Amino acid sequence: MITLESKVPHGPLETKWDRHRFSEKLVSPTNKRKVGIIVVGSGLAGASAASTLGQLGYQVDCFCFQDSPRRAHSIAAQGGINAAKNYQDDGDSVERLFYDTIKGGDFRSREANVYRLAQVSMQIIDQCVALGVPFAREYGGQLANRSFGGVQVSRTFYCRGQTGQQLLLGAYSALSWQIDRGQVRMHPRTEMLDLIVVDGHARGIVVRDLVTGAIRSHTAEAVVLATGGYSNIFFLSTNASGSNVTATYRAWKQGAAFANPCFTQIHPTAIPPSEAYQAKLTLMSESLRNDGRLWVPKQKGDSRSPEQIPEPERDYFLERRYPRFGNLAPRDLASRAVKHICDDGCGVGPGGLGVYLDLSDAIAQQGLEVVQERYGNLFEMYQRITGEDAYKTPMRIYPAPHYTMGGLWVDYNLMSTVPGLFVIGEANFADHGANRLGASSLMQGLADGYFILPYTIGHYLATTKSGPVGTGHLDVRAAEERVTNRVARLLRGRGRQTAASYHRSLGRLMWDLCGMAREEAGLKKALEAIPALREEFWHEVAVLGSGATFNQALEYAGRVADFLESAELLCYDALHREESCGAHFREEHQTPLGEPLRDDANFSYVSAWEYVPNGRPVLHKEPLVFEFVKPTMRTYQ
């Protein structure tokens, strides 16, 4: 039986983190050289954590399944990174960033964590500038800012339309320095397939070498998961094709509670799907909504090209529905508005699955050169994919699965319910509640890796006595056996269907029944269909080749098998939460105007699920106590 202890320190909100850091026990420089830490994942959260821990003197082993840390999915975050520096003098502050994040998450996040994130945000920008990240600048040399969805200030720092890539290169340079110093050992093309737990503490991982197929164990004094989110459970998503749930799901099966799995964000500005066998979707940065306007023809079925439709015959539906925020309405509201317009028969493009994202007004008012400077690479990417010139014809966009607010449950120290297992970045649930504000994912990943984990993991190591764990230990051998047996079972698959076909079927099922909108009947239908699909997968999937060599079919099949299990957990969570909040929209719970209807009296808690072998998961609740912000009806109208 797991217990949830948030370990939020007492005292005023603005001093909690500083007082907590001072109270944390430290590991001496000499002892750090004797301590090993495993970091799984090398995106922004993983690379920043591994490099910082290495610089502190720990012996770090960092694992990623890509051929280089530079290939992590963090490069796909295009629009920017939030920080409360208030360079624009427009009223921003740590308190306002804190409030915007709490409100944007529909009051379903832990106050203390969110305030700490807002505090740390200002250090992140200075750190990244020191690492050479080329943020955009104003004419006078000051760092530039722009607006993002869900806020009324300009606090988003950006590098044209490639912010994630530039931030990752900065973190990678810091990581490379520690690799060169011998403080970090990098293990590319290596996938974590299980967690090693010894005497109740996380002490290592079991991995498969994706080139040779070798299965081996690595042990350490602590394990850090920085493996991202699970939006590929929907098959079509904005995530990289390799993004998966395996590391966090296997940790769940070893005792780490999984929190709020149903909080899955749908992003409003993806390029619409174009054909039935498409493998993934491409994101058009939310930064485009800063200067772009979303609209559709008022007349259903209007076949004219967009430039031929005059202003009075256009429906700028976000500006009409949310006059205060307009096109900068939060992602969950914007996505549902776009889908509603298309479902009502007013969509544009093939199948009516699209609305126009039009920057012609910005080009006319600010000039073509300014727009090109801000968004040029996004326009180029759009043209390469669609063959259309968005400078002349508005982009077409449609919602797509994007970010997962749910993840492994962690306390204030970022430690899971398994002592010694720390979870950072998108892999944990901690900061975004039921809906993430744009430009906050990069902020959280770097805050966790650079400025929070290095303090909190030190306290755990300083206060925990643990002896060496060799590869011959019974718990290590048991974990290796679990992995070996699972790989062998996958390789016995000699059916007639590919793993991709099952992934596509699962994705369609999840999108229809547990996607942008959910209802009780559909969720119960999904909970009947998923086990049947999973059973068919294990009987009919074809996994060719050997486990003793490079075998991408085997890699993919293992990830799909985990999606087929974790999908059930997601639906259980969506079914039990009988309210609408943020990205979780239950059709039965909405206002007369179609907005989400929260139930604070009954659901103001984090839902943390415990794994039960061969049984239904058990729900545990962490109450959300709001001392400094009063939950209110979230309105952007």
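**Helix 3 and a four-stranded sheet**

Okay, let's start with helix 3: 11 of its 13 residues are buried (under 20% relative accessible area, with a 1.4 Å probe and protein chains only), so this helix is largely enclosed by the rest of the structure. Keep in mind that this is a predicted model, where local features need pLDDT of at least 70, side-chain atom pairs count only at pLDDT 80 or more, and totals for chains, interfaces and linings use all residues. Residues are numbered from 1 along each chain as its sequence is written, and side-chain values use heavy atoms, with hydrogens and water left out.

Helices here are DSSP runs of H or I with at least four residues, strands are E runs of at least two, and both are numbered from the N terminus. Among the buried residues of helix 3 are Leu44, Ser48 and Leu53. What do the buried residues pack against? Strand 1, strand 2, helix 6, strand 6 and helix 13, with contact meaning heavy atoms within 4.5 Å. Right after the helix, Gly57 has a positive phi of about 115°.

Now the sheet. Four strands make an open, antiparallel sheet, ordered 17-11-19-20; two strands pair if DSSP finds at least two bridges between them. Strands 17 and 20 are at the edges with a single partner strand each, so one side of each has no neighbour in the sheet. Strand 19 pairs with strand 20 over six bridges, and Ala608 sits opposite His620 of strand 20. Helix 17 packs on this sheet, touching strands 11, 19 and 20. Its direction makes about 145° with that of strand 19, using lines fitted to C-alpha atoms, for helices over the stretch in contact, and angles from 0 to 180 degrees between N-to-C directions.

How values were computed
Buried means under 20% relative accessible area, exposed over 50%, partly exposed in between (1.4 Å probe, protein chains only).
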